[in-house]
Structure formats: structure tokens, C-alpha cells
Amino acid sequence: MKQFWWSVAALGALSLSGAASAADVRLGLNSSLGLGCQVAGVRAGVQEGRLGFYGQAAFCLSNVEGRAGGAAFGVGASFDIFSTAGLTAYALLGGDVQNGTAVVHGGLGLRYGVPLVPVEAYVEAGVQRINTPLQAIFGPRLALGVNYKVNVANLQGTLPTAAPAGEVSSTGAPASCQLTPEQDAIGAQTTAAAAAESALSAAAGAYAAGFSNFSYKVTTTSSRVVGNSAVVRGSVTISLTSRSSGERITDTYSGIITLERADCGWVATGYSRE
């Protein structure tokens, strides 16, 4: 059982972006299709709030008989337009050097991930312009990929310490939100519980081959808000049946979920065992 839970706990980072003051680092694999020559590549980037920057490298086919392919390198920037239910839409603009030729591209993308699970998938579609000595060539661009995402820091200050059990405290949401400190702190608790349930639901499906009759109960016991950061303490009780032995196992674990403010609400950014 403990080995199972450590596998779940290892998924302790948020796959949603849009946090007001959290930095996310993404490491990804992708493929670019269409007029471009990229076959498979790697991407690394950082995002704070809605704005992100990335660099990537890829193997690039020459598509000319008898001529080997080469490396393609590029950079890009993205801006999140909106996020809902694990899905984020964003606009992007970037440039590459492919087989010695400059390429610029732009378009729209979608990212999807489950809260507290650090793996997300994305798809990008748009147009690109290949600059040749004779004339520019325009064409479509489609990119598919998967990212491993880690929330690394709160760039506007340290996270508050975990609240003692039973405590609900807040320094207050922005005045425009019209929330009392108590409502703000309870909102953080609600978001943390929803993120934990989403992650556990995803884990239940991932471990269906080894376990059955998976059930869980998430309980939040305290929350503390300081500025745009929050910490929620709670516990989860997991029950499941091993398919190999038929044994029914139930255990309870305590943990802490960190959150960042997003407008007048919250998004979860990480998890740690107590």
C-alpha cells in the first residue's frame, strides 16, 4: 500500500497554469508536422502567470534525396488566454532555424492536464513563414507534445507556513473580489480538496490493472493564506483491493497542498507528505 501511495505522491505538481505568482518549469517531447521539417524534438521552458518562454531543439529532415538531415533550434513565447477544467488555451509566437533557414511561426495551442499530476499534453496549430533567398514560403504548422511540469518557486515571496490543524486564516483577498478573509481561506480549502480528488481519480484509473474497488475520502483540516499564496493541510483515506492477493487495504495519509491565487480564486501548485 505504501509503495502505491508513494507512486501517487510522486505526482505532486500542478498541471494547470495561470497562477498569479508561481513559476512553472516544463520539460517536453514534441513533433512538428506540416510544412516544417521537424520529426522529433525536446522543449524546455518556464512560465510565470500567463506568460511563458521556451527553447527547443529537434532533428530536421532535409527532404532532399541524398542529403542528410540536421538539427533545428528555436525559441518561442506563449500567453494563456483562458483556463478551465484542466484545459488551457494559449497564443504563441516563435522562431526556428531549420537546416540553416530562418522560420517564424504563430498560432494557438491547447494544454490539458489533471491537477497535482505533473504531466500534460498539448497541441499547437498555426502558420509559419520560411524565409528563402528568393521568396518567403507560407504554410501550415501543427505541433504535438507532452510536458513534464514542475512548480519551482513563488517569485513574489516565500510560501506561508502550514497552518496548525483546525486553523483557517487569511490576510485577505483583493478588495475587488469582495471576499472576507474567512471566505478566501475556505475557498483555498475547497480548491485544494478538488485538486486532490482529481489527482486521486486519475491515479485510480492508472492503477486499474493492479487494484480494484478503489475508493477515497479527502478531508481538509486547516488553511493559511498570505498574500497570493496559500497552504492547506488535510488527509486522504484510501481503500482498494489487490487483484493479485484479493486483500482489501485501507490506510490514511496526511499531507499539505500549496496554492497560488488566480484572480479571485485559487489553483493548486504542489503536494507534500507530512
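Here are a few notes on this predicted model, from the chain as a whole down to one of its cavities.

1. Overall make-up. The protein chain has 274 residues, and 42% of them count as buried. Its secondary structure comes to two helices and 13 strands.

2. Contacts and surface. Looking at contacts in the protein chain with a separation of 6 or more, 56% are between residues 24 or more positions apart. The accessible surface is about 13100 Å², with 62% of that belonging to carbon and sulfur atoms.

3. The second largest cavity. There are two cavities of 30 Å³ or more in the structure, and the second largest holds about 160 Å³ of space. Its lining takes in 15 residues; Arg26, Arg43, Tyr54, Ser78 and Asn147 are the ones nearest the centre. Elements giving two or more residues to this lining are β2 (38–48), β3 (51–60) and β7 (119–131). The largest share, five residues, is from β2.

4. Arg43 and Tyr54. Worth a look while you have the cavity open: both residues are among those nearest its centre, and Arg43 sits over the face of Tyr54, 4.1 Å from the ring centre. As for rings pairing with rings, the count is one aromatic pair.

5. Ser78. This is another of the residues nearest the centre of the second largest cavity, and you'll find Ser78 in strand β4 (residues 70–84). Is Ser78 buried or exposed? Its relative accessibility is 9%, so Ser78 counts as buried, the cut-off being under 20%. Leaving aside residues up to four places away in sequence, Ser78 touches Arg50, Leu51 and Gly52, along with Tyr90, Ala91 and Leu92.

Methods:
Residues are numbered from 1 along each chain as its sequence is written. This is a predicted model: local features need pLDDT of at least 70, side-chain atom pairs count only at pLDDT 80 or more; totals for chains, interfaces and linings use all residues. Side-chain values use heavy atoms; hydrogens and water are left out. Rings of Phe, Tyr and Trp (its six-membered ring) pair if their centres lie within 6.5 Å; planes under 30 degrees apart count as stacked, over 60 as edge-to-face and the rest as tilted. A charge sits over a ring if NZ of Lys or CZ of Arg is within 6 Å of the ring centre and within 35 degrees of the ring normal. Helices (H or I, at least four residues) and strands (E, at least two) are DSSP runs, numbered from the N terminus. Buried means under 20% relative accessible area, exposed over 50%, partly exposed in between (1.4 Å probe, protein chains only). Contact means heavy atoms within 4.5 Å. Accessible areas come from the Shrake-Rupley method with a 1.4 Å probe; for residues, only the protein chains shown count as cover. On a 1 Å grid over the protein atoms alone, a cavity is a set of points where a 1.4 Å probe fits but cannot get out, and a pocket is an open set with protein on both sides within 12 Å along at least five of seven lines; lining residues have an atom within 4 Å of a point. Grid points are joined across faces, edges and corners, and a volume is the space filled by probe spheres set on the points.
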